[in-house]
Amino acid sequence: MLISVIWAAGLAIGSLLPGGSALATSVEQFNLFGFGLHLIGYALFATILILTFRYHLRHHHYLVYAVVIAATYGLILELLQMLVPNRDPSVVDAVVNAMGAFITATIYQIKYGRTQVVAQG
């Protein structure tokens, strides 16, 4: 659970730094990789949430919870960028954030979903 909070804080810091800060400028220089950073960042966030929820919830809805929480968190951070100097929210970034979470849950379901159903039934 703690690792998910730490990862969420890292996503927030990275998303809400003012546009002119040194870290934000260095990330902006790699604009070609911007989508990849969003995709990977939220895929990893969803992975952490899936593993956390799987352990604590012990039912099949944990995949849905992980995707919804990761995607909603990404959307909230994008909207909060309206309040940050030299940062603009992006619908594309929000969609890519959600895609990262969804792809992770899909891969997890394909890889582990069938064995869990067989083991339960």
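Q: What does contact mean here?
A: Two residues are in contact when they have heavy atoms within 4.5 Å. The model in front of you is predicted, and every distance and area below is computed from it.

Q: What does Val84 touch, leaving out residues up to four places away in sequence?
A: By that cut-off, Val84 touches Leu16, Leu17 and Pro18. The C-alpha atoms of Val84 and Leu17 are separated by 7.3 Å, although the two residues are 67 apart along the chain.

Q: Why is Val84 called buried?
A: Buried means under 20% relative accessible area. Val84 has 13% relative accessibility, so Val84 counts as buried. This residue lies in the loop between H4 and H5.

Q: What makes Gln81 buried rather than exposed?
A: The cut-off for buried is under 20%, and Gln81 has 2% relative accessibility, so it counts as buried. Gln81 is also found in the loop between H4 and H5.

Q: Which residues does Gln81 touch, not counting those up to four places away in sequence?
A: Gln81 touches Ser15, Leu16, Arg87, Asp88 and Pro89. As for Gly19, its C-alpha atom and that of Gln81 are 9.6 Å apart, with their positions 62 residues apart along the chain.

Q: How do you know whether Met82 is buried or exposed?
A: Exposed means over 50% relative accessible area. Met82 has 57%, so Met82 is exposed. Its place is the loop between helix H4 (62–80) and helix H5 (91–120).

Q: Which residues make the nonpolar surface patch that includes Met82?
A: Leu75, Ile76, Leu79, Leu80, Met82 and Leu83 make this patch, with an area of about 590 Å². A patch residue needs over 30% relative accessible area, and Met82 at 57% meets that, so its side chain can be counted.

Q: What makes Asn86 stand out in the loop between H4 and H5?
A: Asn86, found in that loop, has a phi near 60 degrees, a positive value in a residue other than glycine. At 63% relative accessibility, set against the cut-off of over 50%, Asn86 therefore counts as exposed.

Q: How do you know that the length of H3 agrees with a helix of 24 residues?
A: At 1.5 Å a residue, those 24 residues should span 34 Å. The C-alpha atoms at the ends of H3 are 33 Å apart, so the two values agree.

Q: Which residues of H3 are buried?
A: They are Gly34, His38, Gly41, Tyr42, Ala43, Phe45, Ala46, Ile48, Leu49, Ile50, Thr52 and Phe53.

Q: What makes up the largest nonpolar core?
A: This core has 18 residues, and Phe45, Leu49, Ile50, Tyr62, Leu63 and Ala70 have the most contacts inside it. Helix H1 (2–16), helix H3 (34–57), H4 and H5 each supply at least two of the core residues. In soluble globular proteins, nonpolar side chains tend to be buried together.

Q: Which residues does Phe45 touch, beyond those up to four places away in sequence?
A: Phe45 touches Ser4, Trp7, Ala8, Leu11, Ala70 and Tyr73.

Q: What is the secondary structure of the chain as a whole?
A: There are five helices and zero strands, giving the pattern α-α-α-α-α along the sequence.

Q: How much of the chain is buried, and what supplies the area it exposes?
A: Of the 121 residues, 33% count as buried. The chain exposes about 7800 Å², and carbon and sulfur atoms supply 74% of that area.

Note on methods
Residues numbered from 1 in each chain as written. Predicted model: local features only at pLDDT ≥ 70, side-chain atom pairs only at ≥ 80, totals over all residues. Heavy atoms only, no water. Patch = residues over 30% accessible without salt bridge, like charges linked within 9 Å, V, L, I, M, F, W, Y side chains within 5 Å. Areas by Shrake-Rupley, 256 points an atom, 1.4 Å probe, with all protein chains shown as cover. Salt bridge = Lys/Arg side-chain N within 4 Å of Asp/Glu carboxyl O. Helix = DSSP H or I, 4+ residues; strand = E, 2+ residues; numbered from the N terminus. Buried < 20%, exposed > 50% of the residue type's maximum accessible area, 1.4 Å probe, protein only. Core = buried A, V, L, I, M, F, W, Y, C linked by side-chain atoms within 4.5 Å. Expected span 1.5 Å × (residues − 1).
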